Amino acid sequence: MTRVLLVTGASRGIGAEVARIAARSGWHVIVNYNTSADQASALVADIAAFGGTAEALHGNVADTRDVAAMFSMCRERHGRLDGLVNNAGILPEISRFEDIDPERWQRTFSVNTVGTFLCCREAVRLMSPRHGGQGGAIVNLSSMAAALGAANEFVDYGASKGAVESMTIGLSRELGPDGIRVNAVRPGLIDTEIHGSAGDQSRTQRLIHSVPLGRPGSAAEAGEAVVWLLSEAASYVTGSILSVSGGR
Ligand code: NAP
């Protein structure tokens, strides 16, 4: 039986690497995207080229109706869901706290936090034996910003990920008896396009002095940790927050 995995925000960056690595490990991967349809299709073709299986699926994780439609498709087409990676996320511009427009807090929390909550809620309804499912694994993408606070950069982003971590712990305890493991990965400075949206694509190099291993991480290095947490090799791991940060 092929295991089915939904990765949100998988059109590029860490999500795309999670999709590639999981497909190589035998998962059928649903590649969610919001605006980057071409990149999602290219990734699906890439996965097919090495013998994996994947499909692209549109949906804004911050939109309740989109999320419901994504999971309905999953139920109708596959009748099951074994893994969910809540990877979709946005990074706001670098700013001091007093200069932030409250509208931005709504945007950041609606994607990073509420988007994760919405997808977890739908996933439980597919995975839990209470609803006819067979258990599963959820991995949430947090950030070192949740622990470090992101002072002078984006305190609001750090808080949006802190909420994801608290929710990961609570949900792992609630869902353990249902055979659903819930964990989070806390990436540090990972080389992806996300830093451009903060207004500083050279951010990983600028902050390299804060990384004991002396370099930024790659999306694949973060992806490997995520796929390990999804796997049977992590069968006794739940409620854990795994830092993938080069020691930062
Ligand atoms: P990225 O390269 O900017 O990719 C973000 C992905 O999220 C894109 O595929 C984007 O798809 C998708 N996305 C954004 N908003 C969405 C929405 N509303 N609905 C569905 N998909 C959406 O980012 P990344 O660096 O790979 O980051 C992935 C995750 O890791 C994020 O949660 C981020 O906060 C976290 N993280 C990253 C770092 C880092 O240094 N890179 C560090 C700590 C944590 P579309 O283009 O289709 O919208």
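Guide: A residue counts as buried when its relative accessible area is under 20%, as exposed when that area is over 50%, and as partly exposed in between. The model discussed here is predicted.

Visitor: Is His195 buried or exposed?
Guide: His195 is found in helix 7. Its relative accessibility is 4%. The limit for burial is under 20%, so His195 counts as buried.

Visitor: Which side chain does His195 join in a polar contact of 3.2 Å?
Guide: The contact is made between two side chains, one of them from His195 in helix 7. At a separation of 3.2 Å, the partner of His195 is Arg203.

Visitor: Which residues are linked with Arg203 in a network of salt bridges?
Guide: A search of the whole structure finds 14 salt bridges. Arg203 belongs to a network of such bridges. The residues linked with Arg203 there are Glu153, Asp200 and Arg206.

Visitor: How is Asp200 classed, buried or exposed, given that its side chain meets Arg206 in a salt bridge?
Guide: The two side chains meet with 2.7 Å from N to O. Arg206 has a relative accessible area of 40%, which makes Arg206 partly exposed. Asp200 has a relative accessibility of 15%, and because the limit is under 20%, Asp200 counts as buried.

Visitor: How many residues apart are Arg12 and Glu193, which form a salt bridge?
Guide: In the bridge between Arg12 and Glu193, the closest N and O atoms are 3.8 Å apart. Arg12 lies in the loop between strand 1 and helix 1, while Glu193 lies in the loop between strand 6 and helix 7. The pair therefore links distant parts of the chain, and because 39% lies in between the two limits, Arg12 is partly exposed. Along the chain, the two residues are 181 residues apart.

Visitor: What is the relative accessible area of Glu193?
Guide: The limit for an exposed residue is over 50%. Glu193 is classed as exposed because its relative accessible area is 51%.

Visitor: Which residue forms a salt bridge with Arg215?
Guide: Arg215 is partly exposed, with a relative accessible area of 42%. Its partner also counts as partly exposed, at 33% relative accessibility. The closest N and O atoms of the bridge are 2.8 Å apart, and the partner of Arg215 is Glu221.

Visitor: What distance separates the C-alpha atoms of Arg107 and Pro187?
Guide: Arg107 lies in helix 4, and at 45% relative accessibility it counts as partly exposed. Pro187 is 80 residues from Arg107 along the chain. Their C-alpha atoms are separated by 21 Å.

Visitor: Where does the ligand sit?
Guide: There are 32 residues around the ligand, and among those that come nearest are Ser11 and Tyr157. Helix 1, strand 2, helix 6 and helix 7 each supply at least two residues of the shell. The place where the ligand sits is the largest pocket.

Visitor: What share of the ligand's area does the protein bury?
Guide: Backbone atoms (N or O) lie 2.8 Å from an oxygen atom of the ligand in the case of Ile14, and 2.9 Å in the case of Ile190. A polar side-chain atom of Tyr157 lies 2.6 Å from an oxygen atom of the ligand. Taken alone, the ligand exposes 900 Å². Of that area, the protein buries 95%.

Key. Residues are numbered from 1 along each chain as its sequence is written. This is a predicted model: local features need pLDDT of at least 70, side-chain atom pairs count only at pLDDT 80 or more; totals for chains, interfaces and linings use all residues. Side-chain values use heavy atoms; hydrogens and water are left out. A salt bridge is a side-chain nitrogen of Lys or Arg within 4 Å of a carboxyl oxygen of Asp or Glu. Helices (H or I, at least four residues) and strands (E, at least two) are DSSP runs, numbered from the N terminus. Buried means under 20% relative accessible area, exposed over 50%, partly exposed in between (1.4 Å probe, protein chains only). A residue is near a molecule or strand if one of its heavy atoms lies within 4 Å of it. A polar contact is a pair of N or O atoms within 3.5 Å; within protein, one must be able to donate a hydrogen and the other to accept it, and residues adjacent in sequence count only if both atoms are side-chain atoms. Accessible areas come from the Shrake-Rupley method with a 1.4 Å probe; for residues, only the protein chains shown count as cover. On a 1 Å grid over the protein atoms alone, a cavity is a set of points where a 1.4 Å probe fits but cannot get out, and a pocket is an open set with protein on both sides within 12 Å along at least five of seven lines; lining residues have an atom within 4 Å of a point. A molecule sits in a cavity or pocket if more than half of its atoms lie within 2 Å of its grid points.
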